[in-house]
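Reader: I have a structure open and some basic questions about it. Can we go through them one at a time?

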Amino acid sequence: MSFTDKNVLVTGGTRGIGRSIVESFASKGANVAFTYRSSSDEANALVAELEERGVKARAIQADAADFGAAEAAVGGIISEWGSIDVVVNNAGVTKDMLMLRMGEDDWDFVVGTNLKSVFNYSKAAYRPMMKQRKGRIINLSSVVGVMGNAGQTNYAASKAGIIGFSKSLAKELGARGVTVNVVAPGYVETDMTASISDGAREAMLGSVPVGRPATPDDIASAVLFLASDGASYITGHVLHVDGGLAM
């Protein structure tokens, strides 16, 4: 699987799943731009690491919920590199609590980051990909968006919305050679899940038939497949990478 000379944009690319996706594309020869929120040192170090592999790399500081920033990011990539071939909407946050205690700001923050960001970057790439008659949009959802989870009404709503959005967009763009798919991870060991208590972790793993959490590389492998030529006849699909959790 090679992505030599392909131009890729990953939102939320400095940590966890996003970083693994960024590094995986670069290892296959892709030029990779990624967005990040706050850690410039970490982002610049990642750019240097990618460039050492002989590919072009670009770090873009942006609030994922900012539509203007998304347009600027996509426009900058096309201006500098000539095209945008793959968009991976990975940026995501959690703010978990029972709805009884959830404030409007808690809802708006999670839905704005997780769901609106997918609209922002897909919208920015829509016309360029349509004109070039090729492209891949891959959106990160979650099995929580399929199954639901107590204490995560905001997160579950945002991730379920990504699925409906992606299926609709796939129908719009399919005839133009652009596919839109979803990867729905289960329990993944990242910084975001590190704060889960041992008891909660064991209870969750007890529901996973393969008996282990996913690694960020497990998720990145699925993303790379959906971005590849081998997946050209797959669109509007939700690929669960969850060890059987949501069966």
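Reader: Where is Val188?
Author: Val188 sits in the loop between β6 (178-185) and α7 (198-205). Helices (H or I, at least four residues) and strands (E, at least two) are DSSP runs, numbered from the N terminus. This is a predicted model, in which local features need pLDDT of at least 70, side-chain atom pairs count only at pLDDT 80 or more, and totals for chains, interfaces and linings use all residues. Residues are numbered from 1 along each chain as its sequence is written, and side-chain values use heavy atoms, with hydrogens and water left out.

Reader: Is Val188 buried or exposed?
Author: Val188 is buried, because its relative accessible area is 5%. Buried means under 20% relative accessible area, exposed over 50%, and partly exposed in between (1.4 Å probe, protein chains only).

Reader: How many residues apart are Val188 and Ile219 in sequence, and what is the C-alpha to C-alpha figure?
Author: They are 31 residues apart in sequence, and 8.6 Å apart in space from C-alpha to C-alpha.

Reader: Ile219 is in α8, then. What does α1 do with α8?
Author: α1 and α8 pack at an angle of about 50°, with axes 8 Å apart. Axes are lines fitted to C-alpha atoms, for helices over the stretch in contact, and angles run from 0 to 180 degrees between N-to-C directions. The two helices, α1 and α8, are therefore oblique to each other. Angles under 35 degrees count as roughly parallel, over 145 as roughly antiparallel, 65 to 115 as roughly perpendicular, and the rest as oblique.

Reader: Which residues make that contact?
Author: From α1 they are Gly16, Ile17, Ser20, Ile21, Ser24 and Phe25, and from α8 Pro216, Asp217, Ile219, Ala220, Val223, Leu224 and Ala227. Contact means heavy atoms within 4.5 Å. By class, the contact of α1 with α8 has nine nonpolar, three polar and one charged residue. Ala, Val, Leu, Ile, Met, Phe, Trp, Tyr, Cys and Pro count as nonpolar, Asp, Glu, Lys and Arg as charged, and the others, Gly among them, as polar.

Reader: And α1 with α2, what angle is that?
Author: About 20°, with the axes of α1 and α2 11 Å apart. α1 and α2 are therefore roughly parallel to each other. Arg19, Val22, Glu23 and Ala26 in α1 meet Glu42, Leu46, Glu49 and Leu50 in α2. That contact of α1 with α2 has four nonpolar, no polar and four charged residues.

Reader: New topic. Which residues touch the most other members of the largest nonpolar core?
Author: Ile21, Phe25, Leu50 and Val183, in a core of 33 residues. A nonpolar core is a set of buried Ala, Val, Leu, Ile, Met, Phe, Trp, Tyr and Cys residues joined through side-chain atoms within 4.5 Å. α8 (216-227) gives two or more residues to this core, as do α1 (16-27) and α2 (40-51), among others. The most comes from α8, with seven residues.

Reader: Why would such side chains end up buried together?
Author: In soluble globular proteins, nonpolar side chains tend to be buried together.

Reader: What is Val183 in contact with?
Author: Leaving aside neighbours within four places in sequence, Val183 has contacts including Ile138, Leu140, Ile219, Val223 and Val241. There is also a second, separate core of 22 residues, with Ala73, Tyr121, Met129 and Leu169 among them.

Reader: Last one. What is the phi of Asp5?
Author: Near 70°, which is a positive value in a residue other than glycine. Asp5 is in the segment before β1 (7-10). Asp5 counts as exposed because its relative accessibility is 63%.
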